[in-house]
Amino acid sequence: MLLGLYELFSIINNSKQINCESVDLFGNTNEACYKRKYKREDMDFVTSYFSRGFNVSLLNGIMRDLFELSFNAFDNILHAWLSELPVERETIAFGKKVIAASITADSSEKKRVAAEKAVSDRLDSDTLAVINTMAKVYRETDRMMGLLRFSPNDNGEFIARCEPDHFVLPALSEYFTSRFGETSWSVIDEKRRLCLRRHNREKVKIFILNSEDVMESAANNDEWEELWKHYHNIINNEDRNNPDLQRQLMPQRYWKYLPEK
């Protein structure tokens, strides 16, 4: 998805139709992440959204209206945007249908009920596309929580590298903040050249990498990594080896960053 997040919600809010040709909706999805321009306002918002204590007052206009009408609709649209897949048209149509479903209701409660019904309508092709896309982002986020491998750099900051299919960095912010406590950490998305970082007790931030130094510092092996590989070899039971199940739970495209592999 090449549209900016605020641009996406703006289109949902009006009758303007998206020009498929101008944004190359049907381009190569593997290249989409390189074409997207990551705007500071978008990155700051999604990082805040996935952090503990998200402040609803940060929302305004259609974003606030849709959030209050149906959190699930808002969350689905946000995850569809994080996917970077060419589902702009379906996502916009989904948002418009949720809003339209609530217009005829005569009370706030009935509006929310009507909106939730539209959100879960899997018989609608646009809604189903958004739900399926959202599920892909949730699934990869969950995988990254378990598959990222951190190594300390010379300053004691723990760094992990990855090349996720989707823009999942923001969705990892709260999990690793809780996991590391006051320890500094970074997750580097090498495909998008982005870094999710929490330094000391500061808020988690996403920034664009402009230097190779940060990426190189994450590549250094350490004694804990060697201990982890030794532990993995010791507990491995060849008689219970199941390559198909292993690839299902730990897809081969992630193995590049797994020292035990």
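1. Let's start with the internal voids. In this predicted model, there are 2 cavities of 30 Å³ or more. The largest cavity has a volume of about 100 Å³, so if you plan to look at one void by eye, that is a natural place to begin.2. The residues around the largest cavity are worth picking out on screen. Its lining includes Met144, Leu147, Leu148 and Arg149, together with Arg161, Cys162, Glu163 and Pro164. Arg253, Tyr254, Tyr257 and Leu258 complete the set. Two elements each give two or more residues to this lining: α9 (125-147) and β2 (158-162).

3. A word on the chemistry of that lining. By class, the largest cavity is lined by 8 nonpolar and 4 charged residues, with no polar ones. Among the names above, Arg149, Arg161, Glu163 and Arg253 belong to the charged class.

4. Now to a helix pair. Helix α1 (residues 5-12) and helix α6 (residues 71-83) have axes that come within 11 Å and cross at roughly 130°. Because of that angle, α1 counts as oblique to α6; the limit for roughly antiparallel is over 145 degrees. The crossing of α1 past α6 is right-handed.

5. Which residues in α1 and α6 meet? On the α1 side they are Leu5, Leu8, Phe9 and Ile12, and on the α6 side Phe74, Ile77, Leu78 and Trp81. The residues of this contact divide into 8 nonpolar, no polar and no charged.

6. Taken side by side, the two sites read like this: the contact of α1 with α6 has no charged residues, whereas the lining of the largest cavity has 4.

Note on methods:
Residues numbered from 1 in each chain as written. Predicted model: local features only at pLDDT ≥ 70, side-chain atom pairs only at ≥ 80, totals over all residues. Heavy atoms only, no water. Axes fitted to C-alpha atoms, helices over the stretch in contact; angles between N-to-C directions. Helix = DSSP H or I, 4+ residues; strand = E, 2+ residues; numbered from the N terminus. Parallel < 35°, antiparallel > 145°, perpendicular 65-115°, else oblique. Left-handed = near helix turned anticlockwise from the far one by under 90°. Contact = heavy atoms within 4.5 Å. 1 Å grid on protein atoms, 1.4 Å probe; cavity = no way out; pocket = protein on both sides within 12 Å on 5 of 7 lines; lining within 4 Å. Points joined across faces, edges and corners; volume = space filled by probe spheres on them.
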